[in-house]
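This report describes one protein chain for a reader who has not met it before. Please look over the sequence and the model, then read on.

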Amino acid sequence: MATLHKLPLQERLPVKNTFQRASSLLILTLLFSLLLYRLTSLHSHGPIWFIAFLCESWFTFVWVLYMNGKWNPVKYKTYPERLLKRSDIDLPAVDMFVTTADPKLEHPIVTANTVLSLLAVEYPAHKLACYVSDDAGSPITFYSLLEASKFAKLWVPFCKKYNVGVRAPFVHFSSEPQASQALSQEFMDDWRYMKNKYEELSRRIDDAASHYMDDELADFSNIERGNHPSLIKVIWENKQGLEDGIPHLVYVAREKRPKHPHHYKAGAMNVLARVSGVMTNAPFMLNVDCDMFANNPEVILHGMCLLLGFDNEVSTGFVQAPQQFYGALKDDPFGNQLVVLQGITGVGFGGIQGPFYGGTGCFHRRKILYGSAPGLAGVSKHDDLSDKEPQRIYGDSRELMESASRIISGKIRETSCNNNLSSRVEVAKRVASCSYEFNTCWGKQIGWAYGSMTEDILTGLRIHSMGWKSVYLILDPPAFLGSAPTGGPASLTQYKRWSTGLLEILFIKSSPIIAAFSKQLKFRMCLAYLIVIVWPLRSIGEICYALLPAYCLLANTSFLPKASEAVFVIPLALFLISNIHSLIEYFQCGLSARACWNNQRMHRIFAMTAWLFGLLAVLLKILGLSETIFEVTRKDQQSDANDTDKDPGRFTFDNSPVFVSGTAVLLVNMVALAVGLLRLHGPVDGGPSPGLGEFACSVWVVFSFWPFVRGLDGKGSYGIPWPVILKAAVLASLFMQFCGFGWVH
């Protein structure tokens with residue numbers, strides 16, 4: 001047993017990446033060579049050469065950012081079996097948070113499955129509590145959770161009796177049990193019974209509108225969305241504190257009033273932190289989105305291996321599981337599964353200060369969100385919080401101040417959750433009021449950070465800036481699985497929201513650039529954050545470079561050396577080697593060449609559509625002309641396999657302005673190619689006429705926008721709406737006039 005105590009709960013595994021380093025340096029050398037060539041030949045070329053130099057300088061800077069992020073990849077292996085056998089470690093309590101905002105975009109059955117998967121995890125039930133934040137204050141969502149809690153009394157014992165692998169019912173019942181599972185007639189009888197019960201649950205939730213008059217829903221009768229008091233309901237309480245029972249389940253709808261700021265998801269998370277603080281006050285918190293179910297039943301044990309397995313807590317300020325997806329479309333046609341971004345770049349952050357906080361699938365230390373600095377049992381003496389009274393920090397709830405004091409002092413001794421939650425409901429309602437945060441530090445220096453729609457990145461940045469590190473929780477099977485948005489509108493909406501929120505971070509006082517000099521954020525970690533924060537700014541360089549070949553074809557000039565010149569080998573080698581480099585990264589992540597191409601073309605599309613509109617949204621906010629708007633992404637379960645009228649992998653469109661810029665870029669390049677081909681058959685003028693490079697680049701742009709090419713003659717949602725095409729045609733015409741090429745030329 002003494003030997004067992006010495007065995008680590010986790011193991012740090014540096015990842016060898018010699019080839020990636022070498023190829024990255026080669027690409028960087030080629031980029032610098034191209035820039036040097038541009039500089040030495042600027043005098044003999046026009047402004048178009050200088051624009052190309054600026055774009056390529058920007059691309060070089062972005063490449064340096066990625067090189068820095070990928071340079072020292074690190075993974076961790078966890079040993080939950082050792083944790084369970086360690087007599088010197090008492091498993092701590094964990095508060096689990098689930099957030100949902102709109103029952104129409106986030107169907108209640110999806111939320112119910114996520115909650116059921118969390119209630120059934122392999123962890124002592126008396127040390128768990130699940131809080132569901134419903135930002136819509138929807139009776140349908142509450143009713144769904146109420147019915148799910150009844151089903152949980154059957155589902156949780158079933159999962160633990162038969163050691164069910166995936167404990168989200170809709171996944172478990174999506175296929176028949178494998179032969180290895182069907183060990184007995186008893187199992188098959190129980191399985192069929194549970195499946196019938198789940199189907200009944202799904203039907204009741206789908207028909208929830210007929211249950212509005214139930215007594216349980218009386219408090220919702222006069223609820224007006226966006227204008228209602230706090231609603232806190234203890235749906236299920238583990239009053240006996242049973243280790244093999246069902247964890248607490250609490251419904252939370254924070255107070256909302258039209259003239260009070262609500263701070264989107266960050267505001268909801270801070271309410272959950274306060275409500276759980278006065279009800280159960282677990283030292284650790286796990287937050288997941290409503291569609292991100294627990295796929296690995298031992299996920300909390302694995303998380304605790306990292307949170308408890310280091311000699312110094314600074315190594316795990318938070319533990320982030322990469323976002324992975326259930327029923328994801330093959331080859332990632334919409335480029336939003338983030339496999340390489342997380343599997344290569346995110347793992348690389350492990351060698352600096354750790355991965356970003358991703359907003360879901362993350363374990364937090366409560367004391368950190370309360371402002372505790374590394375290595376101290378309390379707030380750092382150098383912190384701005386040190387000279388403030390607790391009431392000015394946490395608000396005027398005596399119960400919350402006392403619970404926060406216990407957490408920050410490190411004196412908390414509770415190993416299980418409070419077993420008398422009902423007595424704390426009124427206190428919880430008070431800290432969930434919309435005016436509670438006035439003149440406090442919530443959202444500014446404690447809790448989830450305000451100031452950006454990407455509250456997750458901003459909150460993680462603040463934690464890293466305090467000196468804490470983070471760790472990636474990479475498991476097999478994956479810790480959590482969710483649903484990736486499909487179709488053009490949903491994908492672009494998500495990236496527009498992300499890009500808007502990320503750019504907002506650049507212009508606030510807690511930006512990574514400022515934090516690198518004034519706080520504890522490492523300079524290399526600052527560069528890592530810039531990888532995503534500059535997404536919207538990258539749209540300028542991407543659009544300019546996509547229009548350069550078209551401009552050259554229309555204006556009969558060039559921005560690349562001719563194929564007959566020796567220096568042509570530099571851009572050619574850069575194009576080939578960079579694409580081979582990307583292809584190898586996708587192969588390393590177990591993806592196909594087609595997935596690589598899909599992500600490359602979607603990168604171009606996102607840059608010239610969603611990222612561009614994110615940039616415009618922030619510029620309008622800075623100028624005081626408008627405020628940024630939080631748009632919820634639709635969350636769906638896997639598409640119906642019997643729906644043969646739909647092609648889930650094909651790009652779809654709507655009338656959103658976000659499609660105009662991409663359509664315009666496509667039209668310009670298509671016209672430019674036609675003009676360039678016509679000129680090939682005409683008389684050859686003297687001067688720097690376009691060559692093979694310009695034609696190849698323009699063709700590359702058209703192929704990158706192939707979903708838009710198909711959309712030009714597509715039908716229904718697969719076609720680009722005529723208002724979008726007309727607006728794009730106007731922009732394309734203006735650009736062609738700028739090029740000196742009119743319709744009559």
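Which strands does helix H6 lie across? Helix H6 (residues 139–161) lies across strand E3 (94–100), E4, E5 and E6, and runs at about 20° to E5.

## Basis of the description

This is a predicted model, in which local features need pLDDT of at least 70 and side-chain atom pairs count only at pLDDT 80 or more, while totals for chains, interfaces and linings use all residues. Residues are numbered from 1 along each chain as its sequence is written, and side-chain values use heavy atoms, with hydrogens and water left out.

Helices (H or I, at least four residues) and strands (E, at least two) are DSSP runs, numbered from the N terminus. Axes are lines fitted to C-alpha atoms, for helices over the stretch in contact, and angles run from 0 to 180 degrees between N-to-C directions.

## The sheet

Eight strands form an open sheet in the order E5-E6-E4-E3-E7-E10-E9-E11, with mixed pairing; two strands pair if DSSP finds at least two bridges between them. E5 and strand E11 (470–472) stand at the edges with a single partner strand each, so one side of each has no neighbour in the sheet. From one strand to the next, the twist averages 20°.

Helix H10 also packs on this sheet. H10 touches E3, E4, strand E7 (284–289), strand E9 (318–320), strand E10 (362–365) and E11, where contact means heavy atoms within 4.5 Å. The direction of H10 makes about 45° with that of E10.

## Strand E6 and its partners

Six of the six residues of strand E6 (residues 248–253) are buried, so the strand is largely enclosed by the rest of the structure. Buried means under 20% relative accessible area, with exposed over 50% and partly exposed in between (1.4 Å probe, protein chains only). His248, Val250 and Val252 point one way from E6, while Leu249, Tyr251 and Ala253 point the other way.

How many bridges join E5 to E6? Five bridges join these two strands, which run antiparallel. Isoleucine 232 has valine 252 as its bridge partner in E6, and leucine 231 has alanine 253. Strand E4 (residues 128–134) pairs with E6 in the parallel sense, over five bridges. Here tyrosine 131 is matched with valine 250 as its bridge partner in E6.

## Buried parts outside E6

Nine of the 10 residues of helix H10 (residues 299–308) are buried, so H10 is largely enclosed by the rest of the structure. The buried residues are Val299, Ile300, Leu301, His302, Gly303, Met304, Cys305, Leu306 and Leu307.

Leucine 217 is in the loop between helix H8 (185–206) and strand E5 (231–236). At 2% relative accessibility, leucine 217 counts as buried. Its C-alpha atom is separated by 22 Å from that of alanine 129, and the two residues are 88 residues apart along the chain.

## Helix H3 between H2 and H20 contacts

Helix H2 (residues 18–41) and H3 pack with their axes 10 Å apart, at an angle of about 160°. That makes H2 roughly antiparallel to H3, since angles over 145 degrees count as roughly antiparallel, under 35 as roughly parallel, 65 to 115 as roughly perpendicular and the rest as oblique. The crossing of H2 and H3 is left-handed, meaning that the near helix is turned anticlockwise from the far one by less than a right angle; clockwise would be right-handed. Among the residues that meet are Leu28, Leu31 and Leu35 in H2, and Phe53, Thr60 and Trp63 in H3. By class, this contact has 15 nonpolar, four polar and two charged residues. Ala, Val, Leu, Ile, Met, Phe, Trp, Tyr, Cys and Pro count as nonpolar, Asp, Glu, Lys and Arg as charged, and the others, Gly among them, as polar.

The axes of helix H3 (residues 47–70) and helix H20 (residues 535–555) come within 10 Å and cross at roughly 140°. That makes H3 oblique to H20. H3 passes H20 in a left-handed crossing. The contact of H3 with H20 has 15 nonpolar, one polar and three charged residues.

## Helices H20 and H22

H20 also packs with helix H22 (residues 593–608), with the axes 8 Å apart and an angle of about 110°. The two helices are therefore roughly perpendicular to each other. Arg538, Ser539, Glu542, Ile543 and Ala546 in H20 meet His603, Arg604, Ala607 and Met608 in H22. These residues divide into four nonpolar, two polar and three charged.
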